[in-house]
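Student: I'd like a close look at one part of this structure, please. Could you take me through a sheet strand by strand, and then follow the chain's cysteines from there?

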Amino acid sequence: MNKILVLLITLFLLTPFVKASHIVGGDVIVKWIGPTKNDFQVQVRVYRSCQVGSAGMPGSVTVNYYDLVTYAQQGSSITISNPTITTLAFGDDCFTPTGLCVDEGVFVQNVTIPDNPSGNGYFFAYQIAARNAGITNLLANSSQFAMTFYCEIPNPGNPATLNNSSPDMGIYPLDAYLCVNNSKQFQFNVSDADGDSLVYSLTQPLDQTAINPPPTFPYGTCGWAPGYSLANIVGGLTPMSINQNTGVITAEPNMLGTFVFAVRVEEFRNGVKIGETRRDVQYEALNCTTDSPPFELSGLADSTIIVPFAEEFCQDIIFQDNDINDTVFLEVSSPIFQLGAYGATLTPYQTNPDLYLYTYNQNNDSVLIPQNTYVDSLNSFMNVGTIAYRFCWTPTCKDLSDVPYDFSVKAFSLGCSGRIEDTLDFKIEVARPEGLLTIIPNVFTPNGDGMNDTYKIGGYSNPCTDKLIVDIYNRWGLNIYHSEYYDFEWDGKNKSGSDVPPGTYFVVVKGIYGETEIEEERHTVSLMR
């Protein structure tokens with residue numbers, strides 16, 4: 001039997017179609033369709049490079065199935081003709097490879113698969129000798145490698161797995177290429193009609209070989225080119241890997257090339273493996289043009305801004321996208337917005353009805369952009385190409401903190417892989433007011449000439465800490481003035497608001513001023529008009 005099979009394979013390899021190559025992958029799946037437990041559908045997907053000069057899609061495929069333990073062929077060969085062919089062009093909104101596409105040929109046939117008297121499951125295989133030449137990660141004679149599409153199913157008569165379908169690898173993804181020196185994540189659209197647990201792994205592509213004797217795996221594998229292995233499939237600093245739970249593949253090749261790999265999806269029920277499906281694929285590693293996040297112009301990253309106390313402070317933040325036609329979004333968050341700070345669309349110098357001049361950073365750089373579009377009430381804005389945002393804050397005593405306030409700005413555009421984001425983080429620190437107590441003058445002239453018109457304590461106060469009580473008495477000991485204001489000033493009027501006569505007055509001061517404690521001080525002051 002094995003000799004006959006080897007002879008048939010040899011003859012197949014010598015046919016003109018086989019030598020043409022340009023098949024870039026495929027898989028076999030087996031679906032239960034009912035109504036009886038033995039009614040199934042066998043589906044073969046064949047992917048062919050659709051470039052000019054490639055060999056055509058095969059007109060038919062032949063699938064055989066075997067005992068999963070003894071490898072003995074079961075039943076008759078299944079020949080399927082008249083495929084449905086769809087051309088799939090790769091690319092997305094950010095990058096469309098030139099001339100990179102595949103034809104997807106889907107071969108489908110309903111069949112009866114009998115119960116296996118041995119109780120064992122089956123494996124199904126389709127073999128085609130048409131792998132491309134010049135595969136980067138396979139041996140130089142890769143054109144001599146063929147491929148085997150492989151699938152395992154449980155015995156249709158097993159009560160524990162009745163009416164089971166193998167995992168479906170799904171249609172070919174349209175981002176079926178890799179990007180040189182760029183990490184890319186992708187996955188096949190795998191589904192399981194029975195809701196079984198799926199475990200994903202990368203595996204070595206299968207060659208088209210005669211069946212090995214059990215318990216060796218039935219088919220041989222393609223040889224890796226020097227430097228490549230299952231642990232290093234496409235090269236690069238980060239090896240190609242797959243998440244065993246989600247099937248998400250990560251790859252970051254460091255050179256242009258054509259790479260072949262295979263994905264295995266194992267199917268488990270109640271902790272027991274009941275089947276598997278493999279997909280053999282070929283991906284090109286290209287110099288991709290991909291979207292990039294907006295970048296900051298205002299130079300605030302990782303800095304700390306000192307905000308003056310009790311004065312309004314405003315800061316402009318500018319982001320720009322490399323693609324001037326991209327819509328740019330801005331989201332701003334900081335605790336200071338709970339303390340009275342606010343953001344606004346700017347009202348800068350208007351150069352004409354549609355363009356506005358925004359000035360940013362200490363160099364007075366400027367950029368002309370359309371006016372921002374307001375998105376919602378949560379400090380979110382949008383614009384095209386460039387976006388400008390201004391926040392303002394007047395901190396008060398209650399806003400003083402020993403720890404600077406965080407400020408975060410997320411600028412993003414919606415690119416080929418979703419939200420392409422740049423985050424700007426900096427801190428806001430409020431300059432603490434510092435008071436200073438100097439001398440208390442002893443003469444003042446409240447005559448309205450603008451010179452020495454008020455009597456006040458020398459220096460300057462700290463409004464966040466100072467608490468001052470001042471009582472003024474005339475020469476008969478009558479209290480004519482009382483103040484509990486930290487920034488005390490006397491204009492020469494009594495409690496009723498009338499001017500007091502010139503003379504000498506007695507001042508009693510206590511409390512805190514200029515961050516200096518005054519237990520009780522007595523002074524005299526001469527009022528002259």
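Tutor: Gladly! Let's start in the middle of the sheet, where strand 32 (residues 467-473) and strand 34 (residues 503-513) run antiparallel, joined by seven bridges. Within this pair, Tyr473 has Phe506 of strand 34 as its opposite number. Bear in mind that we are looking at a predicted model.

Strand 34 has another partner as well: 10 bridges tie strand 34 to strand 35, again in an antiparallel arrangement. Here you can find Gly511 facing Ile518 of strand 35. Strands 34 and 35 form a hairpin with two residues between the strands, and in this hairpin Gly514 adopts a positive phi near 60°.

Moving on from the hairpin, strand 35 (residues 516-527) also pairs with strand 30, this time in parallel and through two bridges. Phe444 sits opposite Leu527 of strand 35.

Put together, these pairings belong to an open sheet of five strands, ordered 30-35-34-32-33, and the pairing is mixed. The edges are taken by strand 30 (443-444) and strand 33 (479-483); each has a single partner strand, so one side of each lacks a neighbour in the sheet. As a reminder of what holds such an arrangement together, strands of a sheet pair through backbone hydrogen bonds, either parallel or antiparallel.

Now for the cysteines. A good bridge from the sheet is the disulfide between Cys397 and Cys464, with an S to S distance of 2.1 Å. This pair connects distant parts of the chain, 67 residues apart: Cys397 lies in the loop between strand 26 (386-393) and strand 27 (405-415), while Cys464 lies in the loop between strand 31 (459-460) and strand 32. The S-S torsion of Cys397 and Cys464 is about -90°, so this disulfide is left-handed. As for the surroundings, Cys397 is partly exposed at 31% relative accessibility, and Cys464 is partly exposed too, at 26%.

Searching the whole structure gives four disulfides. Another of them joins Cys179 to Cys288, again with S to S 2.1 Å. Cys179 belongs to strand 9 (residues 177-179), and Cys288 to the loop between strand 15 (272-286) and strand 16 (295-296), so far as sequence goes 109 residues apart and in distant parts of the chain. With a torsion of about -90° about the S-S bond, the disulfide of Cys179 and Cys288 is left-handed. Both Cys179 and Cys288 are buried.

Towards the beginning of the numbering, Cys50 and Cys101 make a disulfide with sulfur atoms 1.8 Å apart. Their link, too, spans distant parts of the chain, 51 residues apart, with Cys50 in the loop between strand 2 (39-49) and strand 3 (60-67) and Cys101 in strand 6 (residues 101-112). Cys50 and Cys101 are both buried.

If you number the bonded cysteines in sequence order, the pairing pattern reads 1-2, 3-4, 5-6, 7-8. Two further cysteines deserve a glance for their accessibility: Cys151 is buried at 0% relative accessible area, and Cys222 is buried at 0%.

Note on methods. Residues are numbered from 1 along each chain as its sequence is written. This is a predicted model: local features need pLDDT of at least 70, side-chain atom pairs count only at pLDDT 80 or more; totals for chains, interfaces and linings use all residues. Side-chain values use heavy atoms; hydrogens and water are left out. Two strands pair if DSSP finds at least two bridges between them. Helices (H or I, at least four residues) and strands (E, at least two) are DSSP runs, numbered from the N terminus. A disulfide is a pair of cysteine sulfur atoms within 2.5 Å. Buried means under 20% relative accessible area, exposed over 50%, partly exposed in between (1.4 Å probe, protein chains only).
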